Amino acid sequence: MSVQGNLVSSLAMALRWGDMDAYGHANNTVYFRFFEEARIVWLAKLDLGGTGEPTGPVIIKTSATFLKELTHPATVVVETYAGKAGNTSLDTYHLLKDADTGDVYAEGYAKIVWMDNTTRKSTPLPDTLRALAAE
């Protein structure tokens, strides 16, 4: 996987002691939580996808490539990129980096589909997101 698109957000977060597993490194699920938090914070800053809104994002596909072991203590930065926009969807990519060294721990991907919360069906992607997309 390679990260594509326009850089739209950067968020620093601390790795918690409890995020580590029996092998002494961050459990693989933690990477997805970092990506999720970065997406939610980014969309909230755009005033999109909040609780109680008539429309919002759902993830229909996600993946990660783990490149380097992540251990406590660490502060990471998640860079979020807006890739290709479809009629109702947006490809997003993430880089999980060390805040101090810039070393890349993981690359992530999530396909967001915009959904009508009443009908539970896809709906056109908001113009705000479409304008940020790379293509």
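**Reading salt bridges, cores and ring pairs**

Biologist: With which residue does Asp103 form a salt bridge, and how far apart are the closest N and O atoms?

Modeller: This is a predicted model, and a pair of this kind is accepted when a side-chain nitrogen of Lys or Arg lies within 4 Å of a carboxyl oxygen of Asp or Glu. Here Asp103 is joined to Lys68, with the closest N and O atoms 2.6 Å apart. Asp103 belongs to the loop between strand E4 (89–98) and E5, while Lys68 belongs to the loop between strand E2 (55–66) and E3, so the pair ties together parts that are 35 residues apart in sequence.

Biologist: Are Asp103 and Lys68 buried, partly exposed or exposed?

Modeller: Asp103 is partly exposed, at a relative accessible area of 31%, and Lys68 is partly exposed as well, at 36%.

Biologist: How many salt bridges does the rule find, and which residue is the partner of Lys97?

Modeller: The count comes to four salt bridges. In one of them Lys97 is paired with Glu79, and the closest N and O atoms are 3.2 Å apart. Since Lys97 lies in strand E4 and Glu79 in strand E3, the pair ties together parts that are 18 residues apart in sequence. Glu79 is buried, with a relative accessible area of 13%.

Biologist: Which residue meets the side chain of Arg16 in a salt bridge?

Modeller: The partner of Arg16 is Asp19, at 2.9 Å from N to O. To read the burial of such a pair, take each residue separately, with buried meaning under 20% relative accessible area and exposed meaning over 50%. Arg16, with a relative accessible area of 53%, is therefore exposed, whereas Asp19, with 5%, is buried.

Biologist: Turning to the interior, how many residues does the largest nonpolar core have, and which have the most contacts inside it?

Modeller: The general idea is that in soluble globular proteins nonpolar side chains tend to be buried together. In this model the largest nonpolar core has 16 residues, and those with the most contacts inside it are Leu15, Tyr31, Phe34, Leu70, Val76, Val78 and Leu96. At least two residues of this core come from each of strand E1 (6–14), helix H1 (28–45), strand E3 (75–85) and strand E5 (104–116). With five residues, H1 gives the most to this core.

Biologist: What does Val76 touch, if residues up to four places away in sequence are not counted?

Modeller: With that exclusion, the contacts of Val76 are Leu11, Ala12, Met13, Phe34, Leu70, Leu96, Lys97, Ala99 and Tyr105. Apart from the largest core lies another core, of 11 residues, among them Leu43, Ala82, Leu90 and Leu125.

Biologist: Where is the place of Thr88, and what does Thr88 touch?

Modeller: Thr88 sits in the loop between E3 and E4, and, at a relative accessible area of 19%, it counts as buried. Leaving aside residues up to four places away in sequence, Thr88 touches Ile112, Val113, Trp114, Ser122, Thr123, Pro124 and Leu125.

Biologist: How many aromatic pairs are there by the rule?

Modeller: A pair of aromatic rings is described by the distance of the centres and the angle of the planes. Four aromatic pairs are counted in this model. One of them, formed by Tyr31 and Phe66, is edge-to-face, with 4.9 Å centre to centre and 75 degrees between the planes. This pair links distant parts of the chain, Tyr31 being in helix H1 and Phe66 in strand E2, 35 residues apart. Tyr31 is buried, at 4% relative accessibility, while Phe66, at 40%, counts as partly exposed.

Biologist: What is the geometry of the pair formed by Tyr93 and Tyr109?

Modeller: The rings of Tyr93 and Tyr109 are tilted, at 5.2 Å centre to centre and 55 degrees between the planes. Tyr93 lies in strand E4 and Tyr109 in strand E5, so the pair ties together parts that are 16 residues apart in sequence. Tyr93 is buried, with a relative accessible area of 8%, and Tyr109 is buried too, with 11%.

Biologist: Which residues do ring pairs link into a cluster?

Modeller: The cluster consists of Tyr31, Phe32, Phe35 and Phe66, linked through ring pairs. Phe66 also appears in a backbone distance, as its C-alpha atom is separated by 8.2 Å from that of Asn28, 38 residues apart along the chain. Asn28 is found in helix H1 and counts as partly exposed, at 42% relative accessibility.

How values were computed. Residues numbered from 1 in each chain as written. Predicted model: local features only at pLDDT ≥ 70, side-chain atom pairs only at ≥ 80, totals over all residues. Heavy atoms only, no water. Core = buried A, V, L, I, M, F, W, Y, C linked by side-chain atoms within 4.5 Å. Buried < 20%, exposed > 50% of the residue type's maximum accessible area, 1.4 Å probe, protein only. Helix = DSSP H or I, 4+ residues; strand = E, 2+ residues; numbered from the N terminus. Contact = heavy atoms within 4.5 Å. Phe/Tyr/Trp six-rings, centres within 6.5 Å; stacked < 30°, edge-to-face > 60°.
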